[in-house]
Amino acid sequence: MAKYICKRLLISLATIWLIATACFFLIRLLPGNPFLVANPLDMTNAERLMDYYGLNDPLWEQYLRFLGNLAHLDFGYSLAHAGRSVNEVIALYFPVTAQLAIQAMLFGIPTGILLGILSSYRRGSGLDVSAQMLTILTTAIPSYVLAAIFQLLFSVTLGWFPAGGWASMKYTVLPTLCLSLGLVAGYCRSMRTLMLEVGQQDYLRTAKAKGLSDLRIIFFHQIRNALLPLLTNMGLEIAGLLMGSYVIERIFSVPGLGKYFVTSINELDYTMALGLVVFQACVVVAANFLVDLLYGVVDPRVKLD
Amino acid sequence: MKKMKRLPALFLCLAVLMATAACGTTTDVRPDASENAGETGGAAGTTAAAGESTPAESKGETGTSDTINLMISAEPVTLNVLESQSNLDEYVFYLTSAMLYRSVDTELVPELCDTMEVSEDGTTYTYTLKEAKYSDGTAVTAADFVYYMVKRYLTSENCSRFVGGADTYNGGLETCEGIYAEDDRTFVVKLVEPITTFDGKLEIYPVNQAYVEGKGDSYGGTPADLQYSGPYILDDWTVGTSLTLHKNPDYISAAELFPLEHVNLYYSGDASSLYSRYAGGDVDAVVSINDTVVEAFGVDNCYRYSSGNMYGIEFNTTGFTYTEGDGFVSRGEEVTALMQNENFRKALCFALDREAICGAISPSALPTNRYVDSGIKGTGETPYVEEFALTDVAPLSGDAEAAKEYLAKALEELGYGDVSELPAIRFLTFENIQQKTMAETFVSQWKEILGIENIEINLQPIQSAIMSMVYMDYDLYLQQLELNPDNMVDMLAYWETAGTVSDPAGFQAGGAPAQVASMHADAEFDALVESIYRNFDDASRLADMAKAEQMLYSAYVYFPIQAGGGYAITQDYVHDFVNPHVEGGYGLAHTTVDAH
C-alpha cells in the first residue's frame, strides 16, 4: 500500500508539472496585453506595467521564475486585481466553492442513486416514469433558466429563500439545489441502467436460489456491484464541482472560485489563470487518487499495489 | 395507484427539507450586515464594527433607517487606485476623498481643496488643502496628491501639458518638475502654457506614498490594505457578493453630506437576479438596471441617467494593418478603395435607423449625431448641442432612399455593376451580447436596405479586439468612446491626424511609411482643434468646437450611433438617492431611508 501511494504521488507531481508547463506556454499564445483593458490606447503605461511584472523578460526566464515560485507554493499577485495574491484568492474563495460543491454532492448523489435504485426496482411504475421525466427535464433545461425560475418561485413569490448572496445556510439552498439537480439526473439514470444490468447477472440468480431476501440481494449484491462503475466518474465529477460553477455563482452572487476561472482568461490575468489551473490539477489528481483508494473498499478484488 | 402516491410523498419530503432549511426566515429574508460579516468572516478577516448592526438597531429614533442596501452590477476590481484599470474603482465606492468631486449635476466642486489660485499668466495653479486625515489618523498632505498625480494622473495624452510632465511620464514616473508640494497644505501644478481644457478642476485623490510602499504588492488587495479618506470605510468585501461600509467619522463633510451610517452594496452580474432581489425586497435600490430586464421593473418606475460614453462606427480608411512580424500590410486595393469612398461610407451611415436600434437593443441609450455629451452648457441657458446644431446630418431614423443613392454613386465611382461584386468587409466588435446584437442589427439593416451581404462580423474577446483595433485589423469597428464633460475638445483631438483614434498605434509619430495615412488626416481640422485649446473666449471657442464637430461628421470616418445611458430604481421609502454618473459617486449624498 505504501509503495502504491509513493508511486502515485510521484506520478501526480509529474502530472502537475506537465500541466503547469503546458499552461504556462499556452496562455502566452493568447493575443493581447493584460494592461490595455481600461485604456486600450495607453501603450506606454501598459509597457511600464509589463516591465514591472517581468512580462517583458525572456520567456524561459519567466518560466524558471514561475517554477521557483511554484516550488514554494507561491502563485504570485493577480495582474488584473492589483494587491490581491492568487494564494489569498484561493484561500478565501475555495472554501465557499467547496461548501457549495459538497452540499450539492451530499444532496445530489445519494438522491440520484436512490431514485435510480427505486426506478429500477419499480421499473415501468409511475415512480419510474416520473424519475425519467425528471432526469430529462433537469438535463434539458439549462441551469441558468432553472436558477431564474427558482429565484422567482422561492424568493419573489414564496419569499422562502434569498435570491442571492452568501451569508447563512438559507442563502445556500437555491444554489445547492440548482447545482445538484444535474447530479440527481445523471446518477439516477446511470444507477437505474446499472441496476438493471447487474440484475441480469448469474450471481444474483444464485443468491436468490440460496433463499436470500430481496432486500438483502439488492443491498449486498446488486447495489454494491452497480456502484463500481459510478465511482470512476465520481472522481472527475467531484473535481469539476470543486472548481466552482461560473453560472450558478454569478446568478446567486456566490463568492466562489468559478468566476476567476473565466475572468482570468478574459482579462489575460496570467498569474491568476496559472495559479488556478495548477490548483485545479492538484484537486483532480487528489480526487482521482481518493477514488482509486475507494475501489479497494467497495470491491475487495481490487488490490492496490 | 399505491405506487403513484409515493411520488408526491417524495416531493413533500423535499419541500419539508427546504422549509426546514428556511426555518425562522420566512418573514424576512433581507440580507443584513451582521449575517454577512459574521458568517463569511469577511475578506481577509477584516470585518469590523459596522457589520455587527442588526436591522432593529439600524433604525433611527425618528422613523428613519440609517442603513441602505444597494444592488450594484459592477464591483471594484481592486482598491489599489494607482494600478486599477477600472474607472469604477477610484471613487464610486465612497472610499476616497478627492481634491474636487463631481456633484450629482456633474459639476466639479471642492472637497479637500480649500482655495485655488491661478497665476496671471494662467500657467500656475496653487491649491491649499483643508485639514483632513485618513481613517488611521495620518494627515492628508499635499505630497499625497503629488504622488497620485505623478503615478496615476499623467497619461501619454495629457503629460505634455505639465512642466516636465512628458519627461516624467516617459522616464519612469518618479517626480515631476511642474507638480509639487510647496508645504504640507499647498499643492502646485505648473502648465507649459495656458490651455482652456485645464481650469484647475482636478479630480485627483490623496495617496500616501509611505503607506503604499509599506504595503508593497498587497496595497489595495483587501479592505485592511487601504487608508480611507472618503465618506465611508470598507468593513468587508466578499468578492462577487457584497461590500459592507460604515461611515468614516474622520471624513471632512461626514455630518452634512451623508446621513446614512451604513451602506451595504450587493453585487450581481446577472440581470434577472437584480430583478429578483429587488422584487423580493432584499434591496432598497438598484443602481444599474440592464436594458434587457428594465421592462420587468417597469420603465416608468425607473429613471434614466447618462453613462458618459458613446458608440459609433469607425471606418479604417488607411488601407493598412500593422502586424508584429511583417509591419505594415495592405488590406487589399479593393477594400481600401471602398473604405476610402465617402459615398460608400455615407450609404452605410444613412441606412441605419438608430432610433429603432436604440429602442430595440438599448432603450437607456439615446441616438445621437454628436460627439459630445448632450448635457454640456452653451453660451447661455440653451445647451451647447441645441445652440450649435450640426447641418446635413443623417436622420436618426435613417434615410433609406438617400442611402441607396449614395451607394449607387459609390458603385459607379468604383466601377462595380452590383453590390454582389463588392469585396468582403470585416466588421470588428467585442464578443459581448450588447455589441454582438448591435453589430448583427447593423448588418441586417445594411442587407435589407442596401442589399449588401458581404459584411462579416468579427467577434473577438475584449483583449483580442483591442489589439486588433490598435493595429487597425478591421474595415469597420464598433468603437466605444468616453465622453468627458469637462473636456469636450479632447474627444475631437482623438481625430487629429496623429490623434489616438485616427492613429491608435502611433504610426504617424513612429515613422510609418509615407503611404500609411491617418484615418482622418485633415490639416485644417488639426489646426482648428489646436486653436480651441488656446481660445479663452467662451462664445468663439464653442462655435469653433461646433465647426470642428461638423468637419469630423462630414468626413464620415466615425459615425455616432448612440450616447450611452442606464436605468436605476429605488423603493418608495428611499429619498434623494441620485444615481451616480459612472465616474461620479455621491449618489448617496443627502440620501435618507425611511424605516420600513
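The following legends describe four close-up views of a predicted model. Residues are numbered from 1 along each chain as its sequence is written, and chains are lettered from A and ligands numbered from 1 in the order in which they are written. Local features need pLDDT of at least 70, side-chain atom pairs count only at pLDDT 80 or more, and totals for chains, interfaces and linings use all residues, while side-chain values use heavy atoms, with hydrogens and water left out.

**View 1. The hairpin of strands β7 and β8 in chain B.** Strand β7 (residues 179-183) and strand β8 (residues 186-190) of chain B run antiparallel and are joined by four bridges. Two strands are said to pair if DSSP finds at least two bridges between them. Helices (H or I, at least four residues) and strands (E, at least two) are DSSP runs, numbered from the N terminus. B:Asp183 has B:Thr186 in β8(B) as its bridge partner, and two residues form the hairpin connection from β7(B) to β8(B).

**View 2. An open sheet of three strands in chain B.** The strand order is β1-β22-β21, and the pairing is antiparallel. At the edges lie β1 (64-65) and β21 (574-575) of chain B, each of which pairs on one side only. Two bridges link β21(B) with strand β22 (residues 592-594) of chain B in the antiparallel sense; B:Thr592 in β22(B) is the bridge partner of B:His575. Strands of a sheet pair through backbone hydrogen bonds, either parallel or antiparallel.

**View 3. Two cysteines of chain B without a disulfide.** The structure holds zero disulfides over all chains, a disulfide being a pair of cysteine sulfur atoms within 2.5 Å. For B:Cys302, the nearest cysteine sulfur is that of B:Cys358, 18 Å away. For B:Cys358, the nearest is that of B:Cys349, at 15 Å. B:Cys302 is buried, with a relative accessible area of 10%, and B:Cys358 is buried at 2%. Buried means under 20% relative accessible area, exposed over 50%, and partly exposed in between (1.4 Å probe, protein chains only).

**View 4. The surroundings of A:Thr138 in helix α5 of chain A.** Helix α5 spans residues 126-140, and A:Thr138 counts as buried at 13% relative accessibility. A polar atom of the side chain of A:Thr138 lies 2.7 Å from the backbone oxygen of A:Leu134. The same side chain, that of A:Thr138, reaches the backbone oxygen of A:Thr135 at 3.3 Å. Apart from neighbours within four places in sequence, A:Thr138 is in contact (heavy atoms within 4.5 Å) with A:Leu181 and A:Ala185.

Methods. Polar contact = N/O pair within 3.5 Å; in protein donor to acceptor, adjacent residues only side chain to side chain.
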